[in-house]
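Take a walk through the inside of a protein with me. We will look at its packed parts and at its empty spaces.

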Amino acid sequence: MSVTTSVNQQTRGVLPVGQGRGTLTQAVIAGVLFVLIAAPMIPLFAQVFLDKPLYYPDAAFTLSNFTRFVTDAEIRGTLATTALFCTMVVAFSMFFGTTLAILVGRTDLPMRGLLLSVLLWPLFISPQIIGFGAILSYGPSGFMTAFAARLLGPSPWNLYSVTGIAIISGIAATPLTILYCLTAARQQDPNHSSAARTVGAGPGKILTRINLPLMRPALIFALIMNIVNSLEALAIPLILGQPVGIRFLTTLIYDMSFVRATPDYGLVAALAILLMAILAILFVVQRLVLRKSYRFVSVGSRTGQLTPLSLGRWRWPAFALVVTYIIFGTLVVLGAVGVRSVTVLMSPFVSPLDVLTLRNFQQLFSVDVYVRAMRNTLVLALIGAALGTILITAVSLVAQRSQLRLSRAVDAMAQLPRVIPGITVGLGVFYAIVFVPGLSLLSGTIWALLIAYLIRFISSGYGIVSPALFQITTDFDRAAQSVGAGWTTTMRRIVVPLTRPALISCFILLMILMIKEYASAIFLMKSGSEVIGSAMLSLWIDGQTGPVAALAVLQIGITAVLILAATRIFGVKLHG
């Protein structure tokens, strides 16, 4: 064995002992991952170069699907609208997310623990629900719009505009920015702030000259992730933009697939690939920018405990601003959904107590399609989270704790779904079911959705389990192998049990994500395979806002129970 190989193995924590053991198991795990990711993507790429659906025998090679990006005025306009929308969403979420993260994570803001918990609520709620709540509260007939009209005159704002859609999407995206920036705001060497105080620097200068620059890696990461999330957003742009003809890249794909009389599958595939390519470029940029992030290290040898920055006379005004954001950005939106779920109608001119009803919930449990949607969602979440955790654990072990020659490729493939939007995943699985022999049996079943969900969230779970493995010394592996234990036995009996907290976190996260998910299911759902997201959209299109609100409340309730179990029973920390 060469010196370079030995050094590389030590760097990755891989053992030179028992090299041949477990190789077959590792190869099978790698093969399952490659097939799972590649099978939907290959037909999707093939469709881009065909003038008809790939299952047509007379489909011919063409490049017109690409040239139409330049020649089609609708596509050019959509790309411009998407760019404007993304800019607004990113600006909103970065400004408020960073500000709120610093206030609750770095200052002496009153009740900052409670405020942080409420600020993160939208992170665990489906964007569809946020969109529905925004219409009920801030739409043309919303109760907040009616109150504002009394003070500001008729039509105080226009929710059904690019700006309105961007603000609501920004509200949904802000908790992610808070989460990314929170740890960076908290884990800073107290000596920096102490030194600044000794030369007379106030809180403002310390924040802008010291804290924010040290948070630059987290800010860059949050910036890229916000661009990615705004580009692949579907639910809120679809709910708010579709009725007034405002189209973004994702909603144009939806429109060409489901709304128009003749679906343009070639152009739909090209748009999906374009979206994926943009996301891939963004992640490459992220890695290049952050490769020298060691320059911003601020957690090292400390001589004291980090003291929260004193806001002085601005302490209570800052508290009032955070509470105001929470009230109008979270509580009003979710409260509108809750009130509408137990009322016949909702109006600022009618007291909710006069129109109370349980009929909305009764309708959900008396109509087969809605009962089936709830059952399917729970089944997919439970089975999907269990299978996903098992698969992600196996993949992580191969990528981080094996000598398989393809281990680096396994690591890269496990992170690839980060650049595949949900709508692209669903489209790829749809083509795979049509194109790959034997997969047609999955058509119209929830198992097709299960495959899409697994692909969609592999990277999310891998980001939890893989780092946990780095914290476990390879001395355990060597000790087990020295007494004859093979790779599979070592991983199953020693390493995996030590990662139990991470596995529980992965399972809970996958359940929450799968309960929320809708974008990757839209191409795969048929009668019998509905989920809560599709049922809510169908009810909304039919104008049944009461049952929509009731279904949303049930989804929030299920998620709340999962979060409570995760934090209270299993001790999972949802934020730093």
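A helix here is a DSSP run of H or I with at least four residues, and helices are numbered from the N terminus. Keep that numbering in mind, and note that this is a predicted model.

Begin with a space. The structure holds two cavities of 30 Å³ or more. The second largest cavity has about 40 Å³ of space. Which helix gives the largest share of its lining? Helix 15, residues 315–341, supplies four residues. The lining is made of P122, I125, I130, I171, G329, T330, V333 and L334. Six of these residues are nonpolar and two are polar. None is charged.

Now turn to a pocket. A cavity is closed to the probe, whereas a pocket is open. The second largest pocket has a volume of about 810 Å³. Its lining counts 31 residues. F92, F95, F96, L321 and Y325 lie nearest the centre of this pocket. Helix 15 appears again: eight residues, the largest share of the pocket lining, come from this helix. Helix 4 (73–106), helix 8 (162–186) and helix 10 (203–214) each supply at least two residues too. The pocket lining divides into 22 nonpolar and nine polar residues, with no charged ones.

Finally, look at the packing. The largest nonpolar core has 175 residues. L109 and L271 have the most contacts inside this core. What does L109 touch, leaving out residues up to four places away in sequence? L109 touches L103, V104, L115, L311, R315, A318, F319 and V322.

Note on methods: Residues are numbered from 1 along each chain as its sequence is written. This is a predicted model: local features need pLDDT of at least 70, side-chain atom pairs count only at pLDDT 80 or more; totals for chains, interfaces and linings use all residues. Side-chain values use heavy atoms; hydrogens and water are left out. A nonpolar core is a set of buried Ala, Val, Leu, Ile, Met, Phe, Trp, Tyr and Cys residues joined through side-chain atoms within 4.5 Å. Buried means under 20% relative accessible area, exposed over 50%, partly exposed in between (1.4 Å probe, protein chains only). Contact means heavy atoms within 4.5 Å. On a 1 Å grid over the protein atoms alone, a cavity is a set of points where a 1.4 Å probe fits but cannot get out, and a pocket is an open set with protein on both sides within 12 Å along at least five of seven lines; lining residues have an atom within 4 Å of a point. Grid points are joined across faces, edges and corners, and a volume is the space filled by probe spheres set on the points. Ala, Val, Leu, Ile, Met, Phe, Trp, Tyr, Cys and Pro count as nonpolar, Asp, Glu, Lys and Arg as charged, and the others, Gly among them, as polar.
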